[in-house]
Structures are given as C-alpha cells and as structure tokens.
Amino acid sequence: MPPPDNKFVAKAKAILEANDRNGYTVPTHRLYPFQWNWDSAFVAMGFAQFDVDRAFRELERLVEGQWADGMIPHIVFHDLSGADSYYPGPAVWGTSHTVATSGITQPPVFAIALRAVHDAAAAVDPAAANARTLPLYEAALKWQRWWYAARDPENTGLVALLHPWESGSDNSPAWDIALARVPTTTIKPVVRKDTNHVAAAMRPHDQDYARFIHLVETYADAGWDPAQQWATAPFKIAEIQTTAILLKAGEDLARFAADFGRASDAADLAALNARTRAALLAQWRPALNRFVSRDLVSGADVDASTHAGFVPVLALDLDAPVARAMVAEMARWSAGKLGGLPTTEPGTPIWEPKRYWRGPVWAVINWLLINGLHRNAHPAFADQLREATLAVIETTAGFAEYFDPDTGEGCGGGDFSWTAAAYLCLRG
Ligand code: 9WN
C-alpha cells in the first residue's frame, strides 16, 4: 500500500465541506439533495477525523427529524429548494412532522457514530464531550426502543423492515421474492428523477419503483401508525444487516449508559442486546457460510447470496470455525474483484456488477465488515478489504457512490459524502 497521500485526504475533506448545507451533509449534489439517515452517521465519523464540532452538528441536525414515537426517518427534508431534483419528495410521503421527513427509517448506525464522535471529542475535553453527547444519547436510546416496539412486536430479537429503502440496499436481490408480491399499482403516477442524473442501467427498474411507491402509499393510508403498518404490511422482512447494526448500536448505547450512570437504561439495553444476540446467531446457515434474513410473510429464509449475510460479524463474537467459514466465503466472492466485497455473489444469475445493490462494491459496507473482522480476530482479511477500498478510490473510481468490481469504475453519483467519510476513516 502506498503511504498516505494528502491529495486524497484533502479531496475527501473538500467533498464533505462542499456537500455541507448548514450543518448537515447531502449524500451528493442533485441526485440526493437532502439529509439521509445512515449516510449522516457515516459522515459524522468522517468529520470526527478532523472537526468534532461539525461531526456532532451532523447528528444534531438529523435528530431534528426525530418523530414523537422515537423513529428517526430515513430522509429529513430541511430545505426544499432542491426538491425538484429528487423523487419522492415530501408531498408523496404525506407525513406530519414539523420538519418535513419521509415516513420510513434506515439502518441505525447513529449510535455507533455517536460513540466514535464522542470518543474523538473526549480525547480533547471529556466533560464537554459528555455534555454534547447526552441529548444525542437520549435520542438514540429512544430510537432503539422504537425499533423493538414497532419492528419486533413479538419479541423475537430480530427487527423487521417494511420497505426495501429501509435496508439502505434498495434493489438488493434479497428482496426479489418478497417484493414480487407487492402490487405495481400506485394512486399517483411515479415520476422518477434519479435516471435524469445517473444511467438507468445503474439504477433499480421502473417496476421496482412502482412497488416502492405502492408501499409508501399503503403506509401513508395507515396514517404512518406503526401498529397499523405492521398489521397491513405486504412486505415484512426480519433483516440481519439492520439487526446486526442495531445490536452494535445497542452495545455502544450500553457503554454510554454505564458511563453516564444510567443503571435502568443499562439493564434494559443488556436484556435487549442479549435477546438479539441469540436471535442473530440462530440465523447462521452452515450450508451457505452466511447468515440469512427471514421473510415474515411467507416464513421462509431469504437465502439470496448478498453481502448482508456477512454483516452480523460486526456485532457478534463468533466461534472460530464459524468466523473462518465466513471469511473463506467472503474471500471467494472477492477473489479477482476490485474494491472489496461485491454486494452479490459474482458469477451467479443475480450478479449485475453495475446495477446499484445487485453486485457493485460499496465503501461503507466494506467499512462495517472491516470493523467486524477486527472484532473477530481476522485482521489479515480486514486489511485486504481496507486496502482494496482505498486502492479503488485512489486509482480508478475516485469518490464515486459505488464501484464496479470487474473494472474498478466509479458508478452512480460523484463526489459522494459517505465514500469520502469511509476514505478518511479507513486511511486513518
Ligand atoms: C432511497 C442516499 C441513499 C442511501 C441508500 C441508497 C440510496 C435512496 C434512493 O441513496 O437510496 O433512500 O433514492 O435511491 O440505496 O443506501 O442512503 O445516499
């Protein structure tokens, strides 16, 4: 690996600064002109490398969108001046929070980011770091409780998604069977804007969008009430990537609860974390060398070969043979590929190296896996993923939204915030 090159570090910081909109960061100009939930969490960790005040600000601005029931929505529409470049905007969602927001959520990376931002700030001034963290801890804990109440009402330990956008992996083959049951009918016409910015071959199909919007309209009809949505949802997946992120968030929140002397929070979190840990472990499938989600409508395992099957490494301390089997499987998928771990298994019928979440490599997914690999004592493969991520950015792709694993080409939006943040954190 070449020594750190200040040119790329400077460019990554410049991207975050250029995408700043008064304290929050848009994922990229025009294609995504608002604040996205899990993007902002990754971005906050990036800012924490050089500007902790700005890192806290990113999280504080996201919390402005938090609903009274605790949910933090997947998009906060702070400023509608760029609204005509994105669909679906606030009118399609029909929610009623004071700052306009979407009505669904996204993976809870927030508390993980808060831990990183706090620790960076505490290295300079522990008392100030705690004071700034406390309200954000409260917000994160409220959201954590929302996940369990709204998305695991039967106390299984796994949380469910009611919309593919909640996974952050919108058109993953993991949803193909479940999404095919969702009608393509919509009340209002679907007016896509994404394909004005990015080639249609890199994006979800029109049929996917029709189903995405059918779900939005169904939940808007349910008044965005979690219990009603749960009762009527035509799409309901107990999902392992989100659950793993929730568990890691739960661990980080438990550490805050201990630091802040919140004994009753700590006890609640310990019980939730233990339940989820056991449930997640039960999703390991030795024949696949991966974990699997469960389709709650059909009751079947979701066994499509996607990256999500490896993300539980982030939050579990795996038995050594399980960790070894998983690492061997990831190594097989990434052999001869560029940029790190492809999001679907290369060479299979679902594999599409340029189509969004159906094959390309994403820096933030590598980043989550790298953390989990270190946790599970696989530093060599962690380093391999890290070096592949840095190399694809430095040599072929730049700070693109995602990468084609066959060619190393940058795809999707350019000057992308979470790619810049991943670069800063992985470059260290
Ligand atoms: C829908 C912003 C977001 C990411 C998601 C990614 C994509 C949105 C879209 O962009 O989703 O939320 O319109 O395609 O799939 O992970 O948070 O970068």
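**Close-up views of a predicted model**

**Figure 1. The ligand between two domains.** The ligand lies between domain 1 (1–22 + 317–428) and domain 2 (34–151), because both domains give residues to the shell around it. The model shown here and in the other views is predicted. The ligand takes up the space that is the largest cavity.

**Figure 2. The shell around the ligand.** The ligand has 17 residues around it. Those that come nearest are D39, Y86, G168, D170 and Y356. Sorted by class, the shell consists of 11 nonpolar, 3 polar and 3 charged residues.

**Figure 3. Polar side-chain atoms at the ligand.** Three side chains are shown, those of W38, H74 and W357. In the side chain of W38, an N or O atom is 3.0 Å from an oxygen atom of the ligand. For H74, a polar side-chain atom and an oxygen atom of the ligand lie 3.1 Å apart. The side chain of W357 has an N or O atom 3.0 Å from an oxygen atom of the ligand. The ligand taken alone exposes 420 Å², and the protein buries 100% of that area.

**Figure 4. The cis peptide bond between Y87 and P88.** Y87 and P88 are joined by a cis peptide bond. The omega angle of this bond is about 5°. P88 belongs to the loop that runs between β2 (75–76) and α4 (90–93).

**Figure 5. The backbone at R30.** R30 is not a glycine, yet its phi is positive, at about 70°. The loop that holds R30 is the one between α1 (6–18) and β1 (35–36).

Definitions and conventions:
Residues numbered from 1 in each chain as written. Predicted model: local features only at pLDDT ≥ 70, side-chain atom pairs only at ≥ 80, totals over all residues. Heavy atoms only, no water. Near = heavy atom within 4 Å. Polar contact = N/O pair within 3.5 Å; in protein donor to acceptor, adjacent residues only side chain to side chain. Areas by Shrake-Rupley, 256 points an atom, 1.4 Å probe, with all protein chains shown as cover. 1 Å grid on protein atoms, 1.4 Å probe; cavity = no way out; pocket = protein on both sides within 12 Å on 5 of 7 lines; lining within 4 Å. Sits in = over half its atoms within 2 Å of the grid points. Nonpolar A, V, L, I, M, F, W, Y, C, P; charged D, E, K, R; others polar. Domains from an automatic or database assignment. Helix = DSSP H or I, 4+ residues; strand = E, 2+ residues; numbered from the N terminus.
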